Amino acid sequence: MRVGVFTPLLSELPLTEVLKKLAALDIHTVELATGNYPGDAHCKLSMLEDAPALAEFRKVLNDHGATISALSCHGNPLHPDVAVSRQHREVSRKTILLAEKLGVSVVVDFSGCPGDSPNAKAPNWVTCPWPPDFHKLLEWQWNEVVAPYWIEHAKFAADHGVRIAIEMHPGFVVYNPETLLRLRSIAGNNIGCNLDPSHLFWQAIDPVAAVRVLAGSVFHVHAKDTQLYPANLARTGVLDTKPYTEERDRSWIFRTCGYGHGDEWWKQFVSALRMFGYDFVLSIEHEDSLLSPGEGLTKAANFLNGIVIREQPAAAWWV
């Protein structure tokens, strides 16, 4: 297992400078965004039609000894606004095609969230089954919107040798292990997850236990932490809609690795991942509003580099 970085936190720097900065932290693996919500600062989909640009991109990576863990295009391909969903779907399809050209096996995306009818203009995330309208709406979303798109899109990715890692994120139809496995049962085993523990902590889901539930379906992992504030939880619960910058009043905020949970927890998490077949990358994602990107990256890199298991364990004498 090794540490990587999701590079939008360094979007103000050119890719060459990003790779130099990461190498100084003993990191040589990157996750690159190609558009939609995280932007495309370091990886342009236009390279699909620009062979010289693609060749130069490969050269930059090779010259710095860098590899790509995943291409990421987090968007809402099920958005009820057709202009939005069309754009997000196109970015996702092109990201898969670029991943194929680059030999990258994983594309990270969101599941998306439809509206409440074919005429809706905004997404509608259902969080409870009653009154009955909500349950009916949820089943309509899954049967009429979610399943048709993801069956087709998962096949498209598989046809191009790419797996799709869905990031379980509240606000979208896939936000926990159960909904991830539901989508996987519908669209097939080419759908898995990008496991970000920070999104599970504040839902009261133990990410270590979730690894067991998700066994065989973890394709990629984000390294990001969450800090809970019991004094505010008593007032708001976990469904806190205040802006992330209102840290004093929120029930939870995203934190740099180690600032929500200590090294003992992260050791258990890494060990559980490895126990259940994941031995790939912990990709640092910085969304800590209390630390600058540079400070958060450095602290997370130093923290995780002291925890990850970089080599295969020696065979036991009794095997």
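**Group meeting talk: a barrel and the helices around it**

Okay, let's start with a pair of helices: the axes of H4 and helix H5, residues 177-187, come within 9 Å of each other and cross at roughly 60°. Before I go on, please keep in mind that this is a predicted model. At that angle, H4 and H5 count as oblique to each other. The crossing of H4 past H5 is right-handed.

Who actually touches whom there? On the H4 side you'll find Glu139, Trp142, Val146, Ala147, Trp150, Ile151 and Ala154, and they meet Thr179, Arg182, Leu183, Ile186 and Ala187 in H5. If you sort the residues of that contact of H4 with H5, you get 9 nonpolar, 1 polar and 2 charged.

Now let me step back to the strands. There are 8 of them closing into a barrel, and going round, the order is E1-E2-E3-E4-E5-E6-E7-E10, with parallel pairing. From one strand to the next, the twist averages 30°. To pick one pair: strand E3, residues 67-72, and strand E4, residues 106-109, run in the parallel sense and are joined over 2 bridges. If you want a spot to click on, Ser72 stands opposite Val108 in E4.

So where does our helix H4 sit on this barrel? H4 covers residues 132-159 and lies across E4, strand E5 (163-167) and strand E6 (191-195), running at about 135° to E5. Another helix to look at is H10, residues 293-305. H10 lies across strand E1 (2-6), strand E7 (218-223) and strand E10 (281-284), and its angle to E10 is about 160°.

Back to H4, because H5 isn't the end of its story: which angle do H3 and H4 pack at? It's about 20°, with the axes 10 Å apart. That makes H3 roughly parallel to H4. H3, too, passes H4 in a right-handed crossing. Here the contact is made by Arg89, Ser92, Arg93, Ile96 and Leu97 from H3, with Tyr149, Glu152, His153, Phe156 and Ala157 from H4. By class, the contact of H3 with H4 comes out as 5 nonpolar, 2 polar and 3 charged residues.

While we're on H3, which spans residues 82-102, have a look at His88 in that helix. Is His88 buried or exposed? Its relative accessibility is 8%, so His88 counts as buried. Skipping its neighbours within four places in sequence, His88 is in contact with Asn36, Tyr37, Gly75, Asn76 and Pro77.

Asn36 deserves a moment of its own. You'll find Asn36 in the loop between strand E2 (29-33) and helix H2 (51-63). Its phi is near 60°, a positive value in a residue other than glycine. And with 15% relative accessibility, Asn36 counts as buried.

Ala204 has a positive phi as well, about 65°, although it is not a glycine. What about its surroundings? Ala204 lies in the loop between helix H6 (197-201) and helix H7 (207-213). At 71% relative accessibility, Ala204 counts as exposed, whereas Asn36 counts as buried.

One last stop, and it's on the way into H4. The peptide bond from Trp130 to Pro131 is cis, with omega near 0°. Pro131 has its place in the loop between E4 and H4.

That's my tour. If you open the model later, try H4 as a starting point: you can go from there to H5, at roughly 60°, or to H3, at about 20°.

Methods. Residues are numbered from 1 along each chain as its sequence is written. This is a predicted model: local features need pLDDT of at least 70, side-chain atom pairs count only at pLDDT 80 or more; totals for chains, interfaces and linings use all residues. Side-chain values use heavy atoms; hydrogens and water are left out. Two strands pair if DSSP finds at least two bridges between them. Helices (H or I, at least four residues) and strands (E, at least two) are DSSP runs, numbered from the N terminus. Axes are lines fitted to C-alpha atoms, for helices over the stretch in contact, and angles run from 0 to 180 degrees between N-to-C directions. Contact means heavy atoms within 4.5 Å. Angles under 35 degrees count as roughly parallel, over 145 as roughly antiparallel, 65 to 115 as roughly perpendicular and the rest as oblique. A crossing is left-handed if the near helix is turned anticlockwise from the far one by less than a right angle, and right-handed if clockwise. Ala, Val, Leu, Ile, Met, Phe, Trp, Tyr, Cys and Pro count as nonpolar, Asp, Glu, Lys and Arg as charged, and the others, Gly among them, as polar. Buried means under 20% relative accessible area, exposed over 50%, partly exposed in between (1.4 Å probe, protein chains only).
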